[in-house]
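Colleague: I am new to this structure and would like a close look at one part of it, followed by some sense of what surrounds that part. Could you take me through it slowly?

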Amino acid sequence: MSKFILFPRQKGLEGKNEFHGSIKMSGIKPREFPLSLSELKKTLQLALARGGDFADIFLEYRTSLSILMEEGIVKESAESLSSGLGLRVIRKDITGYAYTNDFSPEKLKSVALSASAICASSGASRKLPGRFRHHLPRGDITRFRMQAASRPLEEKLELVRRAYSAAMNFDPSIKKVQVAYGESRQDIWVVNSEGLSVMDSRPAVRLVVMAVAEKDGRRESGFCGGGGRVGLEYFRREMTPEFIGEEAAREACLLLEAVEAPAGEMTVVLGPGHSGVLIHEAVGHLLEADFVRKKTSILWNKLGKLVGSEQLSVYDDPTIPGFLGSYNFDDEGQKPVKTALIEKGVVTGFLQDWLSSRLMKKEPTGHGRRQDYTCWPLPRMSNTYIDRGEYDPEEIIRSVRKGLYVSRLSGGQVEDSGEFTFSVTLGYLIENGRLGRPVKQATLIGHNLDILKKIEMVG
Amino acid sequence: MKIEENNNFRQLAERLIDYGRAQGADEIEITFYDGREFDVEVRFGRIENLVEASSRYCFIRIFKDRRAASASSSDLNLPALRTLIRKTIKRASLSQPDEFAGLPASAPFKIAVDSLKLYDPEVTRMSSREKIKLALETERIALQDKRISNSFGASFVTNELKTVLVNSRGFSGEYLQTYCNLSLGLQAGQGDRLVEDYWFSSKRHLRELDSPEEVARKAVERTVRQLNPKKIKTSKVPVIFEPTMTSWLLAFLFTCVSGTAVYQQTTFLASRLGEKIGNDNISVIDDGLLPGKLGSRPFDSEGVPTQRTVVLEKGILKNFLCNTYAARKLNLPPTGNGNGHGVVPNNFYLEAGQFTPEQIIKSTREGFLLTRVIGHGLNPVTGDISRGASGLWIKDGEIAFPVSEVTIAGNLGRILQEVDLVGNDLQFENSICGPTIRVAEMTVAGI
């Protein structure tokens with residue numbers, strides 16, 4: 001099964017093909033980086049002076065705001081501003097990296113020298129191209145009219161209060177509610193020694209509710225959250241604060257009635273959305289190209305081979321508008337593409353960043369990601385999902401005599417050797433093709449090669 | 001790579017505090033962090049990644065009419081920080097008054113920072129070349145073992161961090177600390193039947209770090225012992241936790257005794273203070289003053305002096321661990337565990353017992369020796385535990401065969417009552433740590 005929340009398309013935002021040290025997109029105020037392209041070029045040239053093959057600089061400016069409400073009051077708000085740059089030098093498959101949040105000329109110089117220390121040989125210095133191609137996003141994966149950062153604080157406090165009372169008033173057994181609002185905006189500028197200069201701006205908003213229900217000495221908690229690369233209008237149209245609050249409360253109340261999960265092997269049906277978590281753990285991480293080229297991933301030699309059921313097709317798409325995992329350019333300045341990982345059970349591709357695609361002689365897929373400027377890029381998933389199958393969801397449940405329907409997963413983990421787990425926070429027993437009692441806290445464990453073959457039906 | 005002594009963070013902090021007061025803040029706290037990092041990763045005898053870096057941050061907390069707001073910035077220029085302070089005061093006025101909000105009452109810390117031995121000049125003096133050699137050597141030794149089929153690489157990391165904290169109640173303190181970590185990850189097995197594990201040593205002082213031989217030997221041993229695992233039938237058996245496994249169990253206990261979880265009622269231990277919640281084998285301490293240990297520090301993030309706090313004494317729940325806010329909410333003393341908005345452990349450990357790990361295994365007729373867990377099935381509201389696991393099956397006091405793809409399930413409350421043997425192998429490789437323990441009975445779910 002797979003589910004999409006599709007956002008209504010807005011008119012594409014045109015990128016201008018001219019150069020400034022700032023990001024210009026309609027709706028977003030330009031943000032200045034405290035350095036010019038010529039300073040960055042000079043730094044790149046210095047970084048390559050010891051014989052590196054490639055160098056890039058990643059500049060980041062990130063602002064965020066969070067608001068917390070509990071015990072009936074808005075307790076705290078926090079704002080953070082973080083900026084810095086990371087410089088990478090690559091020679092063959094070796095990466096040298098240095099970062100700083102001090103933009104002074106001396107610091108730029110020392111960063112270039114630290115990162116190029118891996119070369120330490122007197123190779124010929126590679127020349128930078130004379131002209132740099134400067135790119136801004138064409139069209140935009142962010143979907144907003146009311147950018148959170150430019151709206152007054154009162155409006156956000158209102159969302160928080162509404163979610164809080166919705167959860168609190170849902171049922172008398174709700175004893176405690178916590179609401180967290182978070183917004184952030186990350187502006188990046190990537191410049192590399194191949195003459196690329198790219199900027200992207202990535203806003204995000206999130207509203208999360210946790211509710212605790214208590215009855216007869218038993219206590220359970222429920223969660224719900226909504227948001228993405230969207231504006232505040234999302235909480236009017238897609239998911240209202242009331243909906244998020246009530247869902248969290250509903251889950252807490254349901255869990256009060258839940259029984260313990262039975263131990264042992266059984267048929268598992270994953271609800272919409274959650275099949276993505278399965279695939280994230282069972283497949284996604286193992287098709288990230290760094291694990292593949294190092295041959296630590298169990299799937300490294302499976303390209304073109306049948307590893308799963310023919311029902312199964314898996315894609316990773318960083319270009320779905322409004323999704324939290326989406327971006328216009330990756331953290332290496334590459335344009336991302338929707339990538340087929342598995343089609344009809346056959347491994348068809350890997351998630352690539354610049355280095356892996358070069359070492360493996362494959363096309364880059366625009367999956368070079370980093371947490372922030374302190375990290376060098378690695379090929380990582382964006383929005384990974386299982387493509388629609390041919391079955392009706394109800395038909396799937398009807399086909400199971402005895403099993404577990406997973407309603408909410410809280411995460412999972414995988415080892416390169418293929419063993420993975422995921423944690424079920426809310427599920428239902430399936431008995432004779434019908435959903436039965438709710439089930440609390442359980443851990444599912446398996447081996448990915450086994451599981452992929454055992455996928456029987458896709459909704 | 002020594003942090004320059006002439007960075008006058010204290011003076012800057014004092015100017016910002018004066019400015020904040022003048023702009024209308026009742027109370028204000030300024031913290032500066034200035035850090036250096038070195039990280040080398042080697043794989044198959046070559047450097048794969050090398051990082052050298054520095055970063056600085058300023059954290060600001062403000063209270064006005066019992067309303068709280070905070071901010072952080074990597075831009076340490078005076079005008080930028082002043083702007084941020086003005087915005088933070090304005091934001092504070094939009095939250096709601098909270099009678100428990102505010103800075104801690106000033107309490108001078110009595111210990112000399114130097115006596116904590118948090119800083120090792122050897123770590124900062126060590127050359128890049130020596131650091132790289134250490135990582136290369138560790139991996140080289142491990143790869144001599146023919147059972148090892150692949151390497152995730154070895155890494156050596158060093159950190160140096162300066163913390164400066166000044167607040168408007170007259171607190172002013174600073175300290176320097178170092179950290180170093182040597183680690184190695186390995187894979188063994190053929191085809192689709194692969195196993196993996198790692199080992200590490202982390203310390204504040206270079207001379208206390210385990211040798212490359214020691215780290216390599218442990219990493220190899222931990223990896224190959226999992227080869228050719230079997231599946232087992234679901235059963236209820238004694239479960240032995242290795243020290244790294246006791247650590248996560250204790251981390252879960254920490255969550256459940258943190259003052260924040262207590263006032264939020266998100267822990268099953270919320271109303272149990274003074275009760276016997278574990279058996280006589282369970283004594284748990286939080287101590288911020290152990291010289292040279294990873295979790296030690298002279299004062300917490302709010303300037304509250306750290307201390308030795310008995311959390312559980314022979315199974316009796318003696319204290320919750322509180323930052324200033326949680327302490328006021330619960331009408332308990334703060335324990336020097338503050339960290340930003342939350343509560344963190346200092347050195348949080350289970351006191352060692354008298355048995356060697358070998359004796360514990362020997363005395364187990366049939367059981368499961370837990371060596372690895374994956375997944376996150378921990379629920380502090382109920383104490384329920386459910387995690388993916390692998391380990392070794394024990395039969396007649398001997399290790400019989402490796403076991404994979406099981407889940408272990410239990411409840412922290414019941415586990416604390418059922419720990420029947422405690423090992424003598426307590427090591428402080430983490431800020432949360434414990435020795436080998438045996439739990440009399442848990443469900444190990446297999447096929």
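Which residues are buried in α4(B)?

Modeller: Before answering, I should say that this is a predicted model, and everything that follows is to be read with that in mind. The helix you ask about, α4 of chain B, covers residues 128-143, and its 16 residues reach 23 Å from the first C-alpha to the last, close to the 22 Å expected at 1.5 Å a residue. Within this helix, the buried residues are K131(B), L134(B), A135(B), T138(B), E139(B), I141(B) and A142(B). Seen down the axis of α4(B), these buried residues fall within an arc of 165 degrees, so they line one face of the helix. On the other side of α4(B), by contrast, R129(B) and E130(B) are exposed. As for what the buried residues of α4(B) pack against, the partners within chain B are β1 (27-43), β4 (148-167), β5 (172-190) and α5 (212-224).

Turning from the helix to the way its chain meets chain A, 56 residues of chain B are in contact with 58 residues of chain A. On chain B, the largest share of the side that touches chain A comes from strand β2 (residues 46-64), which supplies 11 residues. By class, that side of chain B has 15 nonpolar, 28 polar and 13 charged residues. The same strand β2(B) is also joined by 5 bridges to strand β3 (residues 94-100) of chain A, and these two strands run parallel; A98(A), for its part, stands opposite E52(B) in β2(B).

Chain A itself is divided by its domain assignment into domain 1 (37-257) and domain 2 (260-454), whose C-alpha centres lie 23 Å apart. Between them, 33 residues of domain 1 of chain A are in contact with 22 residues of domain 2 of chain A. Among the elements that each supply at least two residues of the domain 1 side of this contact are β1 (54-70), β2 (73-91) and α5 (241-256) of chain A, and the residues of that side divide into 15 nonpolar, 6 polar and 12 charged.

Chain A also contains an open sheet of 4 strands, in the order β12-β11-β10-β15, with antiparallel pairing. Its edge strands, each pairing on one side only, are β12 (346-347) and β15 (384-386) of chain A. Within this chain, strand β10 (residues 314-316) is joined by 3 bridges to strand β11 (residues 339-343), the two running antiparallel, and Y315(A) stands opposite A340(A) in β11(A).

Conventions
Residues numbered from 1 in each chain as written. Chains lettered and ligands numbered in written order. Predicted model: local features only at pLDDT ≥ 70, side-chain atom pairs only at ≥ 80, totals over all residues. Contact = placed C-beta atoms within 7 Å. Nonpolar A, V, L, I, M, F, W, Y, C, P; charged D, E, K, R; others polar. Pairing = 2+ DSSP bridges. Domains from an automatic or database assignment. Expected span 1.5 Å × (residues − 1). Buried ≥ 20, exposed ≤ 12 C-beta atoms within 10 Å, placed from the backbone. Arc of directions from axis to C-beta.
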